Amino acid sequence: MDHFQSVWKHDRFRFKTFGLNGLCLGWNSLEEIFKIIKEPNTCFLLFLQVNILATHQPLSYNMSTTSIIALAIEKQMVPGNEVQQVELLTGVEDLYGGIILDMQKPMHSEAFLSSLRASISLWKQQGKRAVWIKLPIELVNLVEPSVKEGFVYHHAEPGYLMLVNWISNSTNTLPANASHRVGISAFVMNDKKEVLVVKEKNGKFKGKNVWKFPTGVVDEGEDFSMAAMREVKEETGIDTEFVEVLAFRQSHKSFFTKSDLLFFCMLRPLSFDIQKQDSEIEAAQVHSLGNS
């Protein structure tokens with residue numbers, strides 16, 4: 001703090017200060033600021049928003065990302081009654097007035113909580129609407145302090161958890177997590193009106209002697225036409241080409257609380273050399289529609 005004071009102590013500069021409750025404390029000289037922070041239980045945010053008194057023109061800074069554009073100072077109960085500087089968190093703005101924090105480096109939960117509080121105070125002053133925190137599974141220790149600051153779970157993937165907090169006083173317009181899972185059912189028929197069918201080893205048809213079309217779930221970023229050809233190849237070893245969508249249906253609460261969209265796809269086989277998937281398929285064969 002001595003170095004900071006010696007560099008910035010100048011009568012021509014004024015600093016705009018805000019309390020962590022969001023109230024503006026006014027424009028203060030650095031000498032006045034250091035008098036304030038010597039008081040017990042002082043906690044405020046010092047913006048690097050500087051006015052040169054001779055011109056009354058504020059220094060400009062880039063608002064495209066939330067880099068260190070403010071200095072957070074928080075009075076801590078530390079030996080010698082010293083003032084401890086709190087580092088602000090660095091994020092990027094999304095397209096809807098929010099901030100996205102992609103946490104990568106390990107942090108102690110208490111240090112993270114102090115930085116998060118100071119950063120949220122700054123973002124509120126900047127008019128940000130929401131804050132997203134992406135926590136990799138290695139930083140699970142930061143979940144609890146985030147929840148204490150009002151963050152809630154939005155969605156999770158195998159490697160990370162996404163939390164969000166609506167910090168604006170306006171109506172919450174955050175999008176919900178994905179509501180549907182997309183699946184395919186493959187109707188594979190050749191020129192002889194022979195159709196590919198399978199018996200599954202697992203699932204609701206296990207042990208029921210039911211012949212059915214190959215089915216599966218569309219992967220993230222995958223077209224359902226490609227998913228249909230992939231599932232047929234995985235379950236039966238048969239290469240196919242996509243023809244058209246015959247129909248689709250919607251069901252609800254099919255996968256935990258998620259709804260399901262199933263596309264019935266017609267495929268043309270390039271061969272009928274069946275090599276079934278032993279881990280999931282009990283049997284696979286060609287069924288002639290003429291025998292129905």
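## A tour of strands, rings and charges

Select E13 and E17: the two strands pair in the parallel sense over nine bridges. Pairing here requires that DSSP finds at least two bridges between two strands. Helices (H or I, at least four residues) and strands (E, at least two) are DSSP runs, numbered from the N terminus. This is a predicted model, in which local features need pLDDT of at least 70, side-chain atom pairs count only at pLDDT 80 or more, and totals for chains, interfaces and linings use all residues. Residues are numbered from 1 along each chain as its sequence is written, and side-chain values use heavy atoms, with hydrogens and water left out.

**The four-stranded sheet**

Within this pair, pick Ser185 and look across to E17, where its bridge partner is Phe264. Now show the whole sheet, which is open, has four strands in the order E15-E13-E17-E16 and mixes its pairing. E15 and E16 (240-255) stand at the edges with a single partner strand each, so one side of each has no neighbour in the sheet. From one strand to the next the twist averages 25°; the angles behind this lie between axes, which are lines fitted to C-alpha atoms (for helices over the stretch in contact), and run from 0 to 180 degrees between N-to-C directions.

**Aromatic rings**

Next, display the rings. The structure holds five aromatic pairs, counted where the centres of rings of Phe, Tyr or Trp (its six-membered ring) lie within 6.5 Å; planes under 30 degrees apart count as stacked, over 60 as edge-to-face and the rest as tilted.

Select Phe187 and Phe213, an edge-to-face pair with 5.3 Å centre to centre and 75° between the planes. The two belong to distant parts of the chain, 26 residues apart: Phe187 is in E13 (residues 180-188), while Phe213 is in the loop between E14 (194-200) and E15 (215-217). Are these rings buried or exposed? Phe187 is buried, with a relative accessible area of 18%, and Phe213 is partly exposed at 30%. The classes are buried for under 20% relative accessible area, exposed for over 50%, and partly exposed in between (1.4 Å probe, protein chains only).

Move to Phe224 and Phe263, which are stacked, at 4.5 Å centre to centre and 5° between the planes. Phe224 lies in H5 (residues 224-236) and Phe263 in E17 (residues 258-269), so this pair ties together parts 39 residues apart in sequence. Phe224 counts as partly exposed at 29% relative accessibility, and Phe263 as buried at 16%. Add Phe242 and Phe248 to the selection: ring pairs link them with Phe224 and Phe263 into a cluster.

For a ring facing a charge, select Lys134 and Tyr160. The charged end of Lys134 sits over the Tyr160 ring, 4.5 Å from its centre. The criterion is NZ of Lys or CZ of Arg within 6 Å of the ring centre and within 35 degrees of the ring normal.

**Salt bridges**

Side chains of opposite charge can pair when their charged atoms come close. A salt bridge is taken as a side-chain nitrogen of Lys or Arg within 4 Å of a carboxyl oxygen of Asp or Glu, and the count comes to 13.

- Arg230 and Glu222: the closest N and O atoms are 2.8 Å apart. Both belong to a salt-bridge network with Asp219, Glu231 and Glu234.
- Lys276 and Asp278: the closest N and O atoms are 2.9 Å apart. Lys276 is partly exposed at 32% relative accessibility, and Asp278 is exposed at 51%.
- Lys148 and Glu144: the N to O distance is 3.6 Å. The two are four residues apart in H4 (residues 143-148), and so separated by about one helical turn. Lys148 counts as exposed at 60% relative accessibility, as does Glu144 at 52%.

**E8, E9 and E10**

Finally, select E8 (residues 91-93) and E9 (residues 98-102), which pair in the antiparallel sense over two bridges. Val92 stands opposite Ile100 in E9. The hairpin of E8 and E9 has four residues between the strands, and Gly97 there takes a positive phi near 80°.

What joins E9 to E10 (residues 130-136)? Five bridges do, and the two strands run parallel. Ile99 has Val131 in E10 as its bridge partner. Add H3 (residues 109-125): E9, H3 and E10 make a right-handed β-α-β unit. Right-handed means that, with the strands pointing away from the viewer, the path from the first strand over the helix to the second runs clockwise.
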